[in-house]
Amino acid sequence: MARDGKPTQIFVSYSPADTAWATWIAWELEAAGYRTMIQAWDFVPGTNFIDFMDRGVSEAELVVAVLSRNYLSSRYGRMEWQAALRADPDNPSNKLITIRLEDVRLEGLLSTITWVDLLGITDPGQARALLLGRVREALAGRAKPEAAPA
């Protein structure tokens, strides 16, 4: 739960080097009505970093991991995505969604998770639609379209 007492729906896990992308993601999610927890906004002076990280991962419905070279070499990033994966190892998409920003090589368990690919997308509207659509699908547990197939 955030300091304001509202439950956290989405915890954004990222490397501080990717703060611009992570805050854009959180901004778009909140504009769409989701309640996020993100280090840049919620880990204010006086908070316990490890406690907030643990609460964010364990209490959120969904963990969004922002994949980049920086993230993949981050000790805390690794701890966050692994904790999310452990929450439901039989169906990791129930808790973990990954967003790829760079052409990074994923290895081990993280390579088994289908990602949202923002690599090369330069149109903000297209990136926003992809992000929100895939997060909505992850929370719903399926990607059935609203319109019937042609």
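# Notebook: strands E1 to E5 and helices H5 and H6

**Entry 1. Strand E1.** I began with strand E1 and found that 4 bridges join E1 to E3, the two running parallel. The model is a predicted one: local features need pLDDT of at least 70, side-chain atom pairs count only at pLDDT 80 or more, and totals for chains, interfaces and linings use all residues. Residues are numbered from 1 along each chain as its sequence is written, and side-chain values use heavy atoms, with hydrogens and water left out.

I noted the terms as I went. Helices (H or I, at least four residues) and strands (E, at least two) are DSSP runs, numbered from the N terminus. Two strands pair if DSSP finds at least two bridges between them.

I looked up the partners of E1 residues. In E3, Ile10 has Leu62 as its bridge partner, and Val12 has Val64. E1 also pairs with strand E2 (residues 36-38) in the parallel sense, over 3 bridges. There the bridge partner of Val12 is Ile38, so I have Val12 listed with a partner in E2 and a partner in E3. I then checked the link from E1 to E2: E1, H1 and E2 make a right-handed β-α-β unit. A crossover is right-handed if, with the strands pointing away from the viewer, the path from the first strand over the helix to the second runs clockwise.

Next I asked which way the side chains of E1 point. Ile10 and Val12 point one way and Phe11 and Ser13 the other, and all are buried. Buried means under 20% relative accessible area, exposed over 50%, and partly exposed in between (1.4 Å probe, protein chains only).

**Entry 2. Before E1.** I looked at Pro7, which lies in the segment before E1. Pro7 is exposed, with a relative accessible area of 54%. I also checked its distance to Met37: the two are 30 residues apart along the chain, and their C-alpha atoms are separated by 9.5 Å.

**Entry 3. Strands E3 and E4.** E3 is mostly covered, with 6 of its 6 residues buried. Leu62, Val64 and Val66 point one way from E3, and Val63, Ala65 and Leu67 the other way.

I followed E3 to its other listed partner. Strand E3 (residues 62-67) runs parallel to E4, and 5 bridges join them. Val64 stands opposite Ile97, and Val66 stands opposite Ile99.

Is E4 (residues 96-100) mostly covered or mostly open? I found it mostly covered, with 5 of its 5 residues buried. Leu96, Thr98 and Arg100 lie on one side and Ile97 and Ile99 on the other.

**Entry 4. Arg100 and strand E5.** E4 pairs with strand E5 (residues 115-117) in the parallel sense over 3 bridges. I picked out Arg100, which is found in E4 and stands opposite Asp117 in E5. At 9% relative accessibility, Arg100 counts as buried.

What joins the side chains of Arg100 and Asp117? I found a polar contact of 2.8 Å. A polar contact is a pair of N or O atoms within 3.5 Å; within protein, one must be able to donate a hydrogen and the other to accept it, and residues adjacent in sequence count only if both atoms are side-chain atoms.

I then listed the contacts of Arg100 (heavy atoms within 4.5 Å). Leaving aside neighbours within four places in sequence, they are Leu67, Trp115, Val116, Asp117, Leu118 and Leu119.

**Entry 5. Helix H5.** I checked the span of helix H5 (residues 75-87). The expected span of a helix is 1.5 Å times one less than its number of residues. For the 13 residues of H5 that gives 18 Å, and the end C-alpha atoms are 19 Å apart, which agrees.

The buried residues of H5 are Gly77, Glu80, Trp81, Ala84 and Leu85. They cover an arc of only 130° around the axis (taken from the directions from the axis to the C-beta atoms), which puts them on the same side of H5. On the other side, Arg75 and Arg86 are exposed. I noted that what covers the buried residues includes E1, helix H3 (49-59), E3, helix H4 (69-72) and E4.

At the N-terminal end, Ser74 caps H5: a side-chain oxygen lies 3.4 Å from the backbone nitrogen of Tyr76.

**Entry 6. Helix H6.** Helix H6 (residues 124-140) has 17 residues and reaches 24 Å from its first C-alpha to its last, close to the 24 Å expected. In H6 I found Ala127, Leu131, Leu132, Gly133, Val135 and Ala138 buried. The buried residues of H6 pack against E1, helix H1 (19-31), E3 and E4. Just after H6, Gly141 takes a positive phi of about 85°.
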